[in-house]
Structure formats: structure tokens, C-alpha cells
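Subject: A structure for you to explore

Hi,

Here is the structure I promised to pass on to you. Please open it next to this email and look for each residue as you read.

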Amino acid sequence: MNKAAEPIDNVIPEESNSPYPGLSEKMTRAELSQRLKDAVAKDQTELLESLFCFMLVNEYTPEQINQELDYIRANNPAIQNSLIRWSEEPTGKKKLRIAGKAAFIGVVIHYSNKSFVPAIKAIEQFNAFGDAPHEFAEAIDELEIRSWLGLLNHELENQVPLKNIMRQLEALRLKHIWSKDLAVFAIPVTTAFFREQANEKLLDGDFTGTYRDLEQALRLPENDKSATYQAYADCIVRQVNDPLFRSRAITADLEKLSAKMEYLHDVDFWTPELDIGRFHLKNMMGEI
């Protein structure tokens with residue numbers, strides 16, 4: 001039976017030091033929802049905090065708490081700020097063993113407002129308390145993944161250096177904060193990072209390093225590999241036309257380069273520049 005759906009008796013004695021003064025222990029969920037709507041309409045922040053304290057003490061579920069937070073967000077978003085401050089203050093909550101569940105409220109509000117960094121900090125606070133039931137921990141795990149995805153996508157859109165994003169992804173993997181969605185996000189970011197590294201090496205004339213980075217990118221299951229194929233083709237053409245390479249290349253070097261051209265041909269990627277490069281390569285190999 002859902003404890004929050006029925007009147008709650010004898011959870012906290014009705015005394016003046018009640019954690020939610022003025023609220024009846026026998027208040028039903030329907031009555032609570034109505035009181036919450038009144039508090040939201042009248043900007044009664046102290047009453048709102050008492051109502052959430054009542055919910056946490058009386059074992060309302062994450063889903064039920066989310067429903068009330070959705071109502072607040074839709075009808076008086078400004079009042080969320082006081083609720084965030086309340087959720088972050090552990091005084092009095094540790095004794096009631098609701099500090100973690102209170103932090104959960106802050107996480108939900110921050111995430112819903114796309115404030116991903118504060119959401120992640122609130123998750124750290126939630127984990128530090130360690131007093132929340134399993135169902136709250138499961139909800140937090142999902143919110144943690146979503147918050148990191150939101151933050152990383154925001155950083156990507158704002159052109160944060162790829163090496164910084166890669167460091168964060170690696171740190172998440174080491175902490176076992178991972179999911180299918182994060183893996184899907186990581187694939188194009190990682191291939192773009194390898195292309196970026198390869199381009200820097202190509203500018204320095206480091207063909208071996210360039211191929212190595214691009215081949216790492218090609219091994220990843222990216223849906224559209226055309227950008228990496230193009231970078232690979234550019235490196236091949238650059239090497240074929242490099243005076244130093246042309247003067248020092250031995251047969252084995254030319255055969256390796258020919259194999260790289262054939263690889264692109266096999267994956268059905270070709271450019272006019274590669275046609276010209278293949279002509280020069282065949283000439284160097286004595287086939288023309």
C-alpha cells in the first residue's frame with residue numbers, strides 16, 4: 001500500500017517542535033496537494049518547506065514529489081529558489097534522516113531548469129548524506145546521467161575544447177558514471193577529437209601520427225564517417241605530393257600508401273584529388 005496515499009498516524013508527535021508545524025499528521029495526499037497549491041499561489045515559502053518536509057518524513061515517493069515540483073515549476077517558478085535553499089540546508093534534516101531526500105529536491109529543480117552544474121553539485125551532496133532509500137538513489141542515478149549529458153552538450157555547443165570534454169568523459173568512465181546515452185554522445189566527440197589531433201600532426205608533416213589518429217577514429221562505430229574519410233584522403237594526397245616523401249620513399253612505403261588508397265576505394269569514398277594522387281603514386285611505383 002502506498003503510505004503517502006493514506007492518512008499517516010503517529011509518525012511525529014503533534015508537539016510544538018514538530019518539523020512541520022501547523023500540519024496535521026493525518027493529512028491525506030489530496031489535502032497536501034491543495035495546501036501546496038495555496039502556498040504556491042500566495043508565495044508562502046515557509047509553508048511550502050513544511051509541506052515538503054511532511055512528504056519526506058512520510059515517505060512520499062520520488063514520483064509523487066516530482067508531481068508537486070512540476071506544479072510549482074508551471075505555476076510559480078520563482079518560488080523554487082527558496083525551496084533550493086531549504087534543500088541544501090541539512091540542519092534538522094539529518095536527525096529525521098531526510099537530508100538526502102531533501103537534496104534530491106534540489107537536484108530535480110536544478111536539472112529541470114537546465115542548471116546542470118548546480119544539479120551535479122547537489123547530486124554530490126545527496127551521495128554524501130547516504131540516508132535516502134533505494135528508490136531515490138535510482139532516480140538520482142538517472143538524473144546524474146542526464147545532468148552530465150546536458151552539461152557536455154552545452155559545452156559542445158559553446159565550443160569548449162574537445163580535449164576538455166574528453167577528459168570529463170574519461171573521468172566519468174573511471175567513476176562508473178556511464179550509460180548507453182553517454183556512449184552515443186562520446187562516439188562523435190571522440191572521432192572529432194582524433195581528427196583534430198590528426199590535423200595538428202598533419203600540419204607538422206607527421207604522416208604516421210596523422211594516420212594513427214584517423215585510424216583510431218575509423219575504428220569507432222560512428223554513423224557518418226565521411227568527415228574522417230575526407231581527413232584520411234587529405235593526408236594521403238598531402239603525403240603523395242610531399243617532396244621529402246617522394247625523394248625518400250621505398251617500395252614498402254609506396255605499397256602502404258597504395259593500400260590506404262584502396263581502403264578508401266573499398267568503403268566507396270573517393271575524390272578527384274585522390275584520382276590525381278593515385279596517378280602520381282602509380283608513376284612512382286613504375287606502373288605507368
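Below is what I found in it, one region at a time.

Before you start, please keep in mind that this is a predicted model.

**A helix with two sides**

Let's begin with helix α15, which runs over residues 272–284. Its 13 residues reach 19 Å from the first C-alpha to the last, close to the 18 Å expected at 1.5 Å a residue. Which residues of α15 are buried? They are L274, G277 and L281. Looking down the axis of α15, you will find its buried residues within an arc of 60°, so they line one face of the helix. There is a general pattern to remember here: an α-helix has 3.6 residues a turn, so residues three or four places apart point the same way. On the other side of α15, P272 and I276 are exposed. What covers the buried residues of α15? The cover includes α12 (226–240) and α14 (251–266). Just after α15 comes G286, which has a positive phi of about 75°.

**Two buried residues**

Next, find Q80 in helix α4, residues 80–88. Is Q80 buried or exposed? Its relative accessible area is 5%, so Q80 counts as buried, the limit being under 20%. The side chain of Q80 reaches the backbone oxygen of P77 at 3.0 Å. If you set aside residues up to four places away in sequence, Q80 touches I72, R73, I109 and N113.

Then go to L182, in helix α10 (residues 180–203). L182 is buried too, with a relative accessible area of 0%. Beyond its neighbours within four places in sequence, L182 is in contact with I145, L149, L152, L169, L172 and I177. You can also try the distance tool on L182 and F136: they are 46 residues apart in sequence, and their C-alpha atoms are 21 Å apart in space.

**Aromatic rings**

How many aromatic pairs does the structure hold? There are 9. In one of them, the ring centres of Y20 and F54 are 5.1 Å apart and the planes are at 70°, so the pair is edge-to-face. This pair links distant parts of the chain, 34 residues apart: Y20 is in the segment before α1 (29–41), while F54 is in helix α2 (residues 45–57). Y20 and F54 are both buried.

F104 and F136 form another edge-to-face aromatic pair, with 5.1 Å from centre to centre and 85° between the planes. Here too distant parts of the chain are linked, as F104 belongs to helix α6 (residues 99–112) and F136 to helix α8 (residues 134–157), 32 residues apart. Both F104 and F136 are buried.

There is also an aromatic cluster, formed by Y211, Y229, Y232, Y263 and F269. One member of that cluster, Y211, has a charged partner: the charged end of K260 sits over the ring of Y211, 4.4 Å from its centre. Elsewhere, K93 lies over the face of W86, at 4.5 Å from the ring centre.

A good place to begin your own tour is α15, with L274, G277 and L281 buried and P272 and I276 exposed on the other side.

Enjoy exploring, and do write back with any questions!

Best wishes

Key
Residues are numbered from 1 along each chain as its sequence is written. This is a predicted model: local features need pLDDT of at least 70, side-chain atom pairs count only at pLDDT 80 or more; totals for chains, interfaces and linings use all residues. Side-chain values use heavy atoms; hydrogens and water are left out. Helices (H or I, at least four residues) and strands (E, at least two) are DSSP runs, numbered from the N terminus. Buried means under 20% relative accessible area, exposed over 50%, partly exposed in between (1.4 Å probe, protein chains only). A polar contact is a pair of N or O atoms within 3.5 Å; within protein, one must be able to donate a hydrogen and the other to accept it, and residues adjacent in sequence count only if both atoms are side-chain atoms. Contact means heavy atoms within 4.5 Å. The expected span of a helix is 1.5 Å times one less than its number of residues. The arc is that of the directions from the helix axis to the C-beta atoms. Rings of Phe, Tyr and Trp (its six-membered ring) pair if their centres lie within 6.5 Å; planes under 30 degrees apart count as stacked, over 60 as edge-to-face and the rest as tilted. A charge sits over a ring if NZ of Lys or CZ of Arg is within 6 Å of the ring centre and within 35 degrees of the ring normal.
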